[in-house]
Amino acid sequence: MRLGTAATWVCAFFMTVSNAHARSAGHDRADAQALELAQQAIALRSVRGPGNRVPQVAALFKSALVAGGFNDADVTITPVDDTAFLVARWQGQDPKRKPLVISGHMDVVEAKPSDWQRDPFTPVIENGLLYGRGASDMKLDDALVIAALVELKREGYTPRRDIVLAFSGDEETTMKTTTMLAKELANAEMVLNVDGTGGQLDPQGKPQYFTWSGAEKTYADFELTVTSPGGHSSRPYDPNAINRLSAALVRIGHYKFKPELTELTRAYFAAAARNERTEIAAAMRAFSADPTDAEAVAVLQANPETIGKIGTTCVVTMINGGHAFNALPQRATANVNCRIFPGHSRAQIMEELQRVAADPAVQFKDVSQGSIATEASPLRPDVVDAITRAIHLGYPGVPVFPTMSAGASDSMWFRNEHIPSYGVSPLFIKDSDRFSHGLNERIPVDDVRPSIDYMLSMFTDLSK
Ligand SMILES: [Zn+2]
């Protein structure tokens, strides 16, 4: 019933917008299916914990794939704790070629209905925006992938290499299903992860540029502790646990890690400089030419948008200490959170912080959870060309360039298996509509049409 009414509505919607978009080949059925499937998936509350409906999202996606021509036996759902992962295999003509893996996740971050203007698990389309938890991260992306694969089947396409759809069920939390997927699919040629990055719209809705991700920084948490016998606060002595910890934290706060430049970030700066204000653009260009240029480094380090792109960053995020107003502290602890530049291990960065703290009384402990250090994936010309061509179908002439993501995604576990992995979500959004993980998450419905064209183009280019 729901499907019938929504599908009718979707068709009416696309008739009204189709005037604005000229399109050579029609993929209206795929467009409509993607939007309908995204709404059905948003309505399933796939949040970790009691009542987690990831398995139902997987079942929904499986039924769409099987109805679209996938063999039932080639689409498997594996339950893991309260969640599940889905693998769908489309066999290619040449068994000697390694598979193309398309990765995504079916879980979403918790959303409290009382905080939202609308119920987060009741999808709504209003003023051209699809609202709901998972609209931008990443149930629409999932639905687009499925609708695009079904469209390729409908058109009679046969890939040369296997296309394997790999949807995890706990990307936002423990990533246990992703580690299992990465092991199972370790022989892949490459992974296209349709999560994260994407296109930028200006406040008027005009496309500015598109970025895709070829590397991620490594997330790390280090716990710093100073202990002392304590005593009565009327008889202070050294060491005072809070003082010693504070002094170490101030030294860490002033410390700047060595600036670094890679093939990927050089390509990023070259392209990003075209969209930046003059001072930042000049610094990006100078830094790309010479990463030891102190003036350029100072400008980029002073800007929160660029400091993370030129090296490792560490910052204190929590402190805790003392136990009574009138007692010397017996214990003080702090958490230092780091985003490590590709190519360094967590242990290496912790050692560097210990040197900077320069106080043997400060104990360091790596308390990072669910994070591993990975290398950047290579800038393969076939991948760069396929992404650029696919974006230019819907957004001709828009600059397309790689970037390094600040946080961990499923790509981390595939890179850990030495599979080149690329973050390639096709969705364009304004800054004012960016609410992944936040309130009133939304995505422009106009993204659907160019995203289907993008996926059809990229999936065929890279599976030929
Ligand atoms: Zn995501």
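**Group meeting talk: a helix, a zinc site and a sheet**

Let me begin with helix α3, residues 54-67, which has 14 residues and reaches 20 Å from its first C-alpha to its last, close to the 20 Å expected at 1.5 Å a residue. Please keep in mind, as you look at the structure, that this is a predicted model.

Which residues of α3 are buried? They are Val 54, Val 57, Ala 58, Leu 60, Phe 61, Lys 62, Ala 64 and Leu 65, and you may notice that a lysine is on that list. The elements that cover these buried residues include α2 (28-42) and α4, together with the strands β1 (75-80), β2 (83-90) and β6 (163-168). Just after α3 you will find Gly 69, which takes a positive phi of about 115°.

Two of the covering strands, β1 and β2, are joined by a loop in which Asp 81 lies, and this residue has a positive phi of about 50° although it is not a glycine. Is Asp 81 buried or exposed? With a relative accessible area of 64%, Asp 81 is exposed. There is a second residue to set beside it, namely Asn 440, which is found in the loop between β18 (428-430) and β19 (442-444) and which, while not a glycine either, has a positive phi near 50°. Asn 440, however, counts as buried, because its relative accessibility is 9%, and the cut-off for that word is under 20%.

Let us now turn to the metal. The zinc ion is coordinated by NE2 of His 105, by an OD atom of Asp 137 and by two OD entries from Asp 195, at 1.9 to 2.4 Å. Why is the arrangement of the four donor atoms called irregular? The angles they subtend around the zinc ion run from 54 to 143°, and that makes the arrangement irregular; to count as tetrahedral, all angles would have to lie between 85 and 135 degrees. Along the sequence, the donor residues follow the spacing H-x31-D-x57-D. The two aspartates link distant parts of the chain, since Asp 137 sits in helix α4 (residues 135-154) and Asp 195 in the loop between β7 (190-193) and β8 (198-201), 58 residues apart. Both Asp 137 and Asp 195 are buried.

Asp 137 deserves another look, for a cis peptide bond with omega of about -5° joins it to Met 138, and Met 138 has its place in helix α4. Another cis peptide bond, with omega of about 5°, joins Asp 238 and Pro 239, and here the proline is in the loop between β11 (231-232) and α6.

That brings us to the sheet. Four strands form an open sheet in the order β12-β14-β10-β15, with antiparallel pairing. At the edges stand β12 (313-321) and β15 (363-366), each with a single partner strand, so one side of each is left without a neighbour in the sheet. On average, and with direction ignored, neighbouring strands of this sheet are turned by 25° against each other. As a reminder, strands of a sheet pair through backbone hydrogen bonds. Strand β10 (residues 218-227) pairs with β14 (residues 331-340) over ten bridges, in the antiparallel sense, and Leu 224 stands opposite Ala 334 in β14. Finally, helix α6 (residues 241-254) packs on the sheet, where it touches β10, β12, β14 and β15, and its direction makes about 15° with that of β14.

Conventions: Residues numbered from 1 in each chain as written. Predicted model: local features only at pLDDT ≥ 70, side-chain atom pairs only at ≥ 80, totals over all residues. Heavy atoms only, no water. Donors = N, O, S within 2.8 Å, 3.2 Å for Na, K, Ca; no water. Tetrahedral: all angles 85-135°; square planar, octahedral: opposite > 155°, others 65-115°. Buried < 20%, exposed > 50% of the residue type's maximum accessible area, 1.4 Å probe, protein only. Pairing = 2+ DSSP bridges. Axes fitted to C-alpha atoms, helices over the stretch in contact; angles between N-to-C directions. Contact = heavy atoms within 4.5 Å. Expected span 1.5 Å × (residues − 1).
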